[in-house]
Amino acid sequence: MKNIHEELERFQKEKGWEISTENAGQSRESLLLNHMLLTTEIAEIAEELRKMMNLEYELIHEGMEKEEAFRLAKQEISEDIGKEIADSIAYLCKFATFFERNIEEDMMNKLQEINNRMKPNLQKRMKEEAK
Ligand SMILES: [Mg+2]
């Protein structure tokens, strides 16, 4: 992830696509614009899922077995949803760059946080099951 972030940062700077750090006003405007663009990319992932489900439905309607229809529909959108996932990650990396975040570190910390949060629940469940 660190390599991808660095590569995207370099690419975005080269194209002049980074979130503006000119001044407070331009940064605020650029943050909002980029957030809007990020949500557009997220919506494009949903659009691919809709395409997949519509195709699955059509294939089942034509008599195909459910699992096979799902597999084919999934395969059909795979490349395009990959592009939308990449677009979304590119925007997320812009935010990470702007806020001077190390995504890898943030991700590892987040996983640890989730693990720590789940431990008390797991212990509680194990105690209840032992009763
Ligand atoms: Mg896109």
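**Exercise 1. Describe the overall fold and how spread out the chain is.**

Solution. The secondary structure of the protein chain comes to 4 helices and 0 strands, where helices (H or I, at least four residues) and strands (E, at least two) are DSSP runs numbered from the N terminus. Read from the N terminus on, the elements run α-α-α-α. The radius of gyration of the protein chain is 21 Å, well over the 14 Å that the globule rule gives for 131 residues, so the chain is more spread out than a compact globule; the radius is taken over C-alpha atoms, and the rule is 2.2 Å times the number of residues to the power 0.38. Along the principal axes, the C-alpha atoms fill a box of roughly 60 × 50 × 25 Å.

Before going on, note that this is a predicted model, in which local features need pLDDT of at least 70 and side-chain atom pairs count only at pLDDT 80 or more, while totals for chains, interfaces and linings use all residues. Residues are numbered from 1 along each chain as its sequence is written, and side-chain values use heavy atoms, with hydrogens and water left out.

**Exercise 2. Identify the protein donors of the magnesium ion and place them along the chain.**

Solution. The protein donors are E41 (OE), E44 (OE), E84 (OE) and D87 (OD), lying 2.1 to 2.2 Å from the ion; donors are N, O and S atoms within 2.8 Å of the metal (3.2 Å for Na, K and Ca), and since water is not among the atoms, sites may look incomplete. Along the chain these donors follow the spacing E-x2-E-x39-E-x2-D. E41 and E44 are separated by about one helical turn, because they are 3 residues apart in helix 2 (residues 24–61). With a relative accessible area of 11%, E41 is buried, whereas E44 is partly exposed at 25%; buried means under 20% relative accessible area, exposed over 50%, and partly exposed in between (1.4 Å probe, protein chains only).

**Exercise 3. Work out the surroundings of S88.**

Solution. S88 is found in helix 3 (residues 66–98). S88 is buried, with a relative accessible area of 4%. Leaving aside its neighbours within four places in sequence, S88 is in contact (heavy atoms within 4.5 Å) with L38, E41, I42 and I45. One of these contacts, E41, is also among the donors of the magnesium ion.

**Exercise 4. Classify the aromatic pairs.**

Solution. Rings of Phe, Tyr and Trp (its six-membered ring) pair if their centres lie within 6.5 Å, and planes under 30 degrees apart count as stacked, over 60 as edge-to-face and the rest as tilted. By this rule the count comes to 2 aromatic pairs. F11 and W17 form an edge-to-face pair, at 5.8 Å centre to centre with 70° between the planes. The rings of F98 and F99 have their centres 4.9 Å apart and their planes at 80°, so this pair is edge-to-face.

**Exercise 5. Trace the salt bridges of helix 1.**

Solution. The structure holds 9 salt bridges, each being a side-chain nitrogen of Lys or Arg within 4 Å of a carboxyl oxygen of Asp or Glu. In R10 and E7, the closest N and O atoms are 2.6 Å apart, and both residues lie in helix 1 (residues 2–15), 3 residues apart, about one turn of the helix. E7, R10 and E14 are linked in a network of salt bridges. E9 forms a salt bridge with K13, with 3.4 Å between the closest N and O atoms; being 4 residues apart in helix 1, E9 and K13 are separated by about one helical turn.
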